[in-house]
Amino acid sequence: AVLAVMTTEHPLQPFSPRYFAHASHAGGGRSADGLYTYAQEWHEVHGSAQHVAAAAEAEAAPAAPLAAPVLDAPIGLRQLQDFMVQPVAAFFRQRLKVFFDKEELTSQDDELFAPNGLQAWQMQNQLLASLQPWVREQGGAAPADELATRVQAVSAQLRREGKLPLRDFADVALQPLEQAAERALTVYAQALQHWPHAQAEPLELRSTDAATGIQVVDWLRERRTTHLIAEDAYGAGASASIYLSNGRLHSGSQLRYDRLIRHWVEHLAWHMAGQPLATVVCSESGIAVFAPLGAHTAAAHWHKLLALWQQGMCGPLPLPSKTALAWLDEQVPRYLLPAIYDDSRTGMGEVQRVAELARTYPDYTEFDGNPEFERLARALYQPMMAALSLVNGEYTQGLRKFSHGDDAAGGAA
């Protein structure tokens, strides 16, 4: 409240009616909300004080929602995934075609002594991407010594590409990345052993939602099976889609639900394409699994997702994803929620990292006690959180119940 009193928000346009509402036509007069201007030439344009006041009130009023988008072509999974990852950003980018991200210019003359967070993530991602095909070709039987040798080979390539600091600084930067990559690839290899047979043929998704009329068309790949020929007789767990995730699925003791959102959307898509399966996400910190869903359950979640996407294309929903997930997570103390959304001290709050949120919902008070925020959070994210199971990465035998169909959620309704 104090910040709001101390802050003056100036309209971007010098001819905004807010500068002239109830201002003196002699020039330099202040408007009703404290704004002022010396641009006397705009007074005549805006006319009478009553007209100016009405125009300023209309400008300050919340914008009415847009009409539902008229689609001339089917949408793809990427649009649904981007929406669920950050609904407000998806509205600006997909509906308005407005992009707030700024390209950061970096100097190539600065000597690198230690990679920052993004650079470390990119190097570890290159390690995983380079070795994942080899692990997949081994069918999960990746000897530890050979894996370590191949990790060292990719690290040497990073050195030759000049992406690392010089000499001993490179060793210090690489060691934690190599160890994390080996852990993640080992977990991934063990998961592949439970579904050893890769199915090369992609599956086409063609789904039309009766309620919204939205068509979704895309291709689904990377399905694996417990048997060489996947048949219904083998049960709901006979098929799986196995992913290798860069980075940890945990931040301390808290699960990073936001890193599972895209996998959840694709999990639903497999079911809507007529192929129920388990979705397995492997990381250095463990394994996350979405078990096969019943047909009615999957269809209900899919319909809700499409309905919310359509609503989200009409206006920016009061729904920041990370804050909503933390609000739903019972392990996150409520007093941490304001800092999760707005942490100006470190610059790592959700509103600091998503420019679209800063434009529409600059303060956490927009969501605190807001029933619409709570309703949307439950509708969009709670089904994903409820469907999730965790498996210890060091004891991947826990995947056996999924590969044998013992944990199908809701059966084959």
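These are my notebook entries on a predicted model of a protein chain.

**Entry 1: the chain overall.** I began with the totals and found 16 helices and 10 strands in the protein chain. Of its 413 residues, 42% count as buried, and the accessible surface comes to about 22,300 Å², of which 52% belongs to carbon and sulfur atoms. I then looked up the contacts with a separation of 6 or more, and noted that residues 24 or more positions apart account for 71% of them.

**Entry 2: the open sheet.** I traced an open sheet of 6 strands with mixed pairing, and wrote down its order as β1-β4-β5-β8-β9-β10. The edges are held by β1 (197-199) and β10 (388-391), and since each has a single partner strand, one side of each is left without a neighbour in the sheet. From one strand to the next, the twist averages 30°. At the β1 edge I checked the pairing with β4: the two strands run antiparallel and are joined by 3 bridges, and Gln 199 has Arg 223 in β4 as its bridge partner. Turning to β10, I found that helix α15 (residues 371-387) lies across β9 (286-290) and β10, running at about 40° to β10.

**Entry 3: helix α7.** I compared the length of α7 (residues 144-160) with expectation: at 1.5 Å a residue its 17 residues should span 24 Å, and the end C-alpha atoms are 25 Å apart, which agrees. I listed its buried residues as Leu 147, Val 151, Val 154, Ser 155 and Leu 158. They cover an arc of only 105° around the axis, which puts them on the same side of α7. This fits the geometry I would expect, because an α-helix has 3.6 residues a turn and residues three or four places apart point the same way. On the face turned away from that buried side I found the exposed residues Asp 145, Thr 149 and Arg 160. Just after α7, Gly 162 takes a positive phi of about 75°.

**Entry 4: positive phi outside glycine.** I looked up two residues other than glycine with a positive phi, namely Lys 97, near 60°, and Glu 222, near 70°. Lys 97 has its place in the loop between α5 (87-95) and α6 (117-137), and at 58% relative accessibility it counts as exposed. Glu 222 is found in the loop between β3 (215-220) and β4 (223-225), and with a relative accessible area of 43% Glu 222 is partly exposed.

Methods: Residues numbered from 1 in each chain as written. Predicted model: local features only at pLDDT ≥ 70, side-chain atom pairs only at ≥ 80, totals over all residues. Heavy atoms only, no water. Helix = DSSP H or I, 4+ residues; strand = E, 2+ residues; numbered from the N terminus. Buried < 20%, exposed > 50% of the residue type's maximum accessible area, 1.4 Å probe, protein only. Expected span 1.5 Å × (residues − 1). Arc of directions from axis to C-beta. Contact = heavy atoms within 4.5 Å. Areas by Shrake-Rupley, 256 points an atom, 1.4 Å probe, with all protein chains shown as cover. Pairing = 2+ DSSP bridges. Axes fitted to C-alpha atoms, helices over the stretch in contact; angles between N-to-C directions.
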